[in-house]
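Please go through this structure and explain, label by label, how each description is justified by a value and a cut-off.

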Amino acid sequence: DDAVEFTGAHQAGIVTPAQDRLHFVAFDVTTDDRDELVEVLKNWTAAARRMTAGRDAGPVGAVEGERFAPPDDTGEAIGLPPSGLTLTIGFGPTLFRTAEGVDRFGLDARRPAPLTDLPAFAGDQLDPAISGGDICIQACANDPQVAVHAVRNLVRLGAGVVSVRWSQLGFGRTSSTSTGQDTPRNLFGFKDGTNNLKAENETALDRFVWVTDDDSGADWLSGGSYLVTRRIRMLIEPWDTSTLDEQHRTIGRTKGTGAPLGQREEFDPVDFRKQVDGEFAIPETSHVFLANPTNSGTAILRRGYSFVDGSDGLGRLDAGLFFIAYQRDPETGFVQVQRNLRLDAMNEYIRHTSSAVFACPPGIRDDADWWGRALF
Ligand code: HEM
């Protein structure tokens with residue numbers, strides 16, 4: 001229920017132990033006026049400071065204000081604790097230059113080279129209406145009402161300058177980002193996040209997650225990270241009729257304990273040379289085989305959430321995993337792993353339906369700082 005510190009070298013919500021709930025929102029900026037946009041970013045930062053501390057979005061509050069004016073908070077979080085709320089902002093490639101090539105805010109020269117649209121991948125079934133975006137905010141909290149309240153108030157404060165392009169709720173974390181957390185399960189019923197990068201492994205975070213001064217053309221992004229989101233529909237009906245053995249061989253781990261095939265405990269090392277009955281225990285087409293750093297040559301910080309968005313109109317649940325990954329460079333992070341997953345046995349059971357990439361600036365330093373100050 002406690003508050004997570006809003007200021008710091010890095011933004012909260014990246015290596016912060018993954019909270020239980022997500023409300024993710026991507027915005028289109030609807031103005032061409034740089035000052036208007038800066039004004040919203042400042043107002044958002046002030047509101048985010050307050051809301052992450054468990055307070056109302058505005059200084060007056062939901063019910064203390066003037067009778068004949070709209071309140072400066074919408075009220076649905078009155079009485080709720082901070083619930084570990086984090087608000088993490090990212091800037092998409094189209095903020096710097098629109099799809100039509102227009103540099104609306106004089107930012108194109110400031111665009112870091114790695115911030116470009118992701119390449120197409122085999123099997124992609126992306127819906128442009130729920131992909132991309134000029135700005136994103138990832139709200140994570142242990143109470144869904146707190147996450148939704150935060151996003152809703154930021155949307156309200158941005159009215160006339162930004163509009164919601166798409167948004168995604170996540171009801172349960174599918175990853176752990178700290179060694180202190182239990183590993184949750186995804187909708188395939190498997191433990192997810194076992195071999196994730198963890199907050200405690202700072203050497204790996206410096207190598208794979210945080211952008212440094214030396215990284216291409218992005219001084220304002222130093223200490224930040226790139227965010228990739230993929231809405232991945234999980235075809236749970238065929239999955240649910242596959243055998244337990246097939247499920248194990250698809251993932252490369254056992255469903256019960258989460259141990260790598262051929263091992264006993266969840267955190268036993270993944271050993272691709274291990275044989276059982278004259279065969280490699282972990283199939284070469286399994287998800288873990290192909291995603292593991294030994295074969296992908298890289299690592300990413302995963303922070304995804306399960307979703308169920310009603311039905312697909314064909315008698316099936318529209319369910320899946322809203323995949324979120326943080327990395328130092330999308331090309332040597334998500335893109336490299338995803339290319340390596342081309343022959344993943346799991347592909348039979350999943351479809352990527354949305355995609356986005358954002359550059360998340362470093363943390364808010366002090367009371368005068370605001371989201372994007374070093375960029376604008
Ligand atoms: C590992 C599930 C998509 C990258 C795992 C594990 C599971 C899993 C159960 C094993 C536990 C663990 O170590 O965390 C899923 C499901 C997905 C999905 C259900 C889609 C619905 C992806 C995507 C990527 C990815 C799109 C990246 C492109 C990884 C990586 C690991 C992993 C890097 C760790 C492998 C290791 O180091 O051993 N995933 N995954 N996953 N997954 Fe996924």
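What follows is a series of questions and answers about a predicted model.

Q: Why is Ser83 called buried?
A: A residue is called buried if 20 or more other C-beta atoms lie within 10 Å of its own. Ser83, which is found in the loop between α1 (34–52) and β2 (86–91), has 25 other C-beta atoms within 10 Å, and is therefore buried.

Q: What is notable about the phi of Ser83?
A: Most residues other than glycine have a negative phi. Phi of Ser83 is near 55°, a positive value in a residue other than glycine.

Q: Is Asp277 buried or exposed, and how do you know?
A: The label exposed requires 12 or fewer other C-beta atoms within 10 Å. Asp277 has 5 C-beta neighbours inside 10 Å, so Asp277 counts as exposed. This residue lies in the loop between β7 (275–276) and β8 (279–280), and although Asp277 is not a glycine, its phi is positive, at about 50°.

Q: What makes Leu85 a buried residue, and where is Leu85 placed?
A: The place of Leu85 is in the loop between α1 and β2. With 29 other C-beta atoms within 10 Å, set against the cut-off of 20 or more, Leu85 is buried.

Q: Which residues does Leu85 touch, once those up to four places away in sequence are not counted?
A: Contact here requires C-beta atoms within 7 Å. On that criterion Leu85 touches Val4, Met51, Thr52, Ala139, Ala141, Val146, Ala147 and Ala150. As for C-alpha atoms, those of Leu85 and Ala48 are separated by 9.5 Å, the two residues being 37 residues apart along the chain.

Q: Which members of the largest nonpolar core touch the most other members?
A: The largest nonpolar core has 89 residues, of which Leu85, Ala139, Ala147 and Ala150 touch the most other members. The element that gives the most to this core is α1, with 7 residues. Ala139 is in contact with His23, Leu85, Leu87, Ala147, Ala150 and Val151, again not counting residues up to four places away in sequence.

Q: How do you know that Val15 is buried, and what does Val15 touch?
A: Val15 has 23 other C-beta atoms within 10 Å, where 20 or more are required, so Val15 is buried. Val15 lies in the segment before β1 (21–29), and, leaving aside its neighbours within four places in sequence, is in contact with Thr177, Ala199 and Leu205. The C-alpha atoms of Val15 and Ala26 are separated by 21 Å, with their positions 11 residues apart along the chain.

Q: Why is Ser306 called buried?
A: Ser306 is found in strand β10 (residues 305–311). Ser306 has 21 other C-beta atoms within 10 Å, and since the cut-off is 20 or more, Ser306 is buried. Not counting residues up to four places away in sequence, Ser306 touches Gly170, Phe171, Gly172, Thr174, Asn186, Leu187 and Leu321.

Q: What makes Gly320 count as buried?
A: Gly320 is in strand β11 (317–327), and with 25 C-beta neighbours inside 10 Å, against a required 20 or more, Gly320 counts as buried. Leaving aside its neighbours within four places in sequence, Gly320 is in contact with Leu187, Arg231, Ile232, Arg233, Met234 and Phe307.

Q: Why can the buried residues of α9 be placed on the same side of α9?
A: The buried residues of α9 (331–340) are Gly333, Phe334, Val337 and Gln338. Because they cover an arc of only 95° around the axis, they are on the same side of α9. An α-helix has 3.6 residues a turn, so residues three or four places apart point the same way. The buried residues of α9 pack against β6, α7, α8 (293–296) and β11.

Q: Which residues surrounding the ligand are the closest, and which elements give two or more residues to the shell?
A: The ligand is surrounded by 29 residues, of which the closest are Phe190, Thr194, Asn195, Ala291 and Asn292. Two or more residues of the shell come from each of β6 (225–234), α7 (287–291), β11 and α9. By class, the shell has 16 nonpolar, 9 polar and 4 charged residues.

Terms used. Residues numbered from 1 in each chain as written. Predicted model: local features only at pLDDT ≥ 70, side-chain atom pairs only at ≥ 80, totals over all residues. Near = placed C-beta within 6 Å. Helix = DSSP H or I, 4+ residues; strand = E, 2+ residues; numbered from the N terminus. Nonpolar A, V, L, I, M, F, W, Y, C, P; charged D, E, K, R; others polar. Arc of directions from axis to C-beta. Contact = placed C-beta atoms within 7 Å. Core = buried A, V, L, I, M, F, W, Y, C linked by C-beta atoms within 7 Å.
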